[in-house]
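Got your viewer open? Let's take a walk through this protein, one selection after another.

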Amino acid sequence: MLSLDRLRELLRELDDPDPAHREMPRDYDVPAARQRFRRFADALERRFGPSVSAGMGQDSSFLGVVSAPADATGTGLPLRVAMSNFGPFVTAGTGLGLGMPGCEDGIDDEFLIWLDELCTELGCIYVPIELLMEPYDGPTALGDNEADEAILATLAAPSADGEEEEEEEDDLPPVWLDRYFQYM
């Protein structure tokens, strides 16, 4: 497994600020990426059984997600393993969503060693979810600032009955998971 410092370097190296490359890197080989993902999903199905499901992303910086239900993982928790379009980076989490509190619970060292070996075999790089939850400080604009401003202005306007809406909690700042494993 690569060191956290080396993984941080790779996350930054592959972060292209060009808006045309938010979902996938320049020179992206879609057929090769899909074949790699299929091999990745097949390996997870061999490990966890036929109840594993796989799906590809659209309008996202991730290629696809493979899910294993709780009864197949042996941990009592469902498992989600995602492959990014970039690197391609791979991450894993338990529960209902990557990046949710506690999503690293139930992932043991034996599985991580296996996953890292699979990633190496397929030319992928495993990135722990803990690292991906660090604040994003790269050059890519992760939101549509004009649309965000319009939405915020609408939310800040008084309602039709003259009462102001209750103030929502501030959005959380983006993290590296948002850059490489989310919908764009």
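How many bridges join strand E1 (residues 53-56) to E2, and do they run parallel or antiparallel? Select both strands and look: four bridges join E1 to E2, and the two run antiparallel. Keep in mind as you go that this is a predicted model.

**Stop 1: the strands**

Pick out Gly55 and you'll find that it stands opposite Val65 in E2. Now follow the chain through the hairpin of E1 and E2, where five residues sit between the strands. Click on Asp59 there: this residue takes a positive phi near 55°.

Next, colour E2 itself, residues 62-68. Six of its seven residues are buried, so E2 is largely enclosed by the rest of the structure.

E2 has another partner to show you. Six bridges join E2 to E3, and these strands run antiparallel. Go back to Val65, and you'll see that it stands opposite Ala82 in E3. A second pair to highlight is Ala68 with its bridge partner in E3, Leu79.

Stay with Leu79 and look towards E4: there, its bridge partner is Thr94. E3 and E4 pair in the antiparallel sense too, over five bridges. Their hairpin has four residues between the strands, and Gly87 in it takes a positive phi near 110°.

While the strands are on screen, here's a handy rule for reading them. In a regular strand, side chains alternate between the two faces of the sheet.

**Stop 2: Met83**

Is E3 mostly covered or mostly open? Mostly covered: five of its six residues are buried. Zoom in on Met83, which belongs to this strand. Its relative accessibility is 0%, so Met83 counts as buried.

What does Met83 touch, leaving aside its neighbours within four places in sequence? Show the contacts and you'll meet quite a list, including Arg36, Phe37, Phe40, Phe62, Leu63, Pro88, Phe89 and Phe181. Try picking Phe40 from that list: Met83 and Phe40 are 43 residues apart along the chain, and their C-alpha atoms are separated by 8.8 Å.

**Stop 3: helix H4**

Now select residues 109-122, which make up helix H4. Why does its length make sense? At 1.5 Å a residue, its 14 residues should span 20 Å, and the end C-alpha atoms are indeed 20 Å apart, which agrees.

Turn on the side chains of Phe111, Leu112, Leu115, Asp116, Leu118, Cys119 and Leu122, the buried residues of H4. Look down the axis of H4, and these buried residues fall within an arc of 160°, so they line one face of the helix. Some background helps here: an α-helix has 3.6 residues a turn, so residues three or four places apart point the same way.

What do the buried residues pack against? Show helix H2 (30-48) along with strands E3 (79-84), E4 (89-94) and E5 (125-126): those are the elements that the buried residues of H4 pack against. Swing round to the other side of H4, and there you have Asp109, Thr120 and Glu121, which are exposed. Then step just past the end of H4 to Gly123, which takes a positive phi of about 80°.

**Stop 4: a few cysteines**

How many disulfides does the structure hold? Zero. To see a pair that doesn't make one, draw a distance between the sulfurs of Cys119 and Cys124. Cys124 holds the closest cysteine sulfur to that of Cys119, but at 5.1 Å it's too far for a bond. Both residues are tucked away: Cys119 counts as buried at 0% relative accessibility, and Cys124 counts as buried at 7%.

Now hop to Cys103, in the loop between E4 and H4. With 2% relative accessibility, Cys103 counts as buried as well. Not counting residues up to four places away in sequence, Cys103 touches Gly93, Thr94, Gly97, Leu98 and Ile129. For one more distance, pick Glu130: it lies 27 residues from Cys103 along the chain, with 9.3 Å between the C-alpha atoms.

**Last stop: Arg179**

Finish in helix H7 (residues 176-180), where you'll find Arg179. Is Arg179 buried or exposed? Buried, with a relative accessible area of 0%. Show what surrounds this residue: beyond its neighbours within four places in sequence, the contacts of Arg179 include Asp15, Asp16, His21, Arg22, Tyr136 and Met184.

Technical notes: Residues numbered from 1 in each chain as written. Predicted model: local features only at pLDDT ≥ 70, side-chain atom pairs only at ≥ 80, totals over all residues. Heavy atoms only, no water. Expected span 1.5 Å × (residues − 1). Buried < 20%, exposed > 50% of the residue type's maximum accessible area, 1.4 Å probe, protein only. Arc of directions from axis to C-beta. Contact = heavy atoms within 4.5 Å. Pairing = 2+ DSSP bridges. Disulfide = S-S within 2.5 Å.
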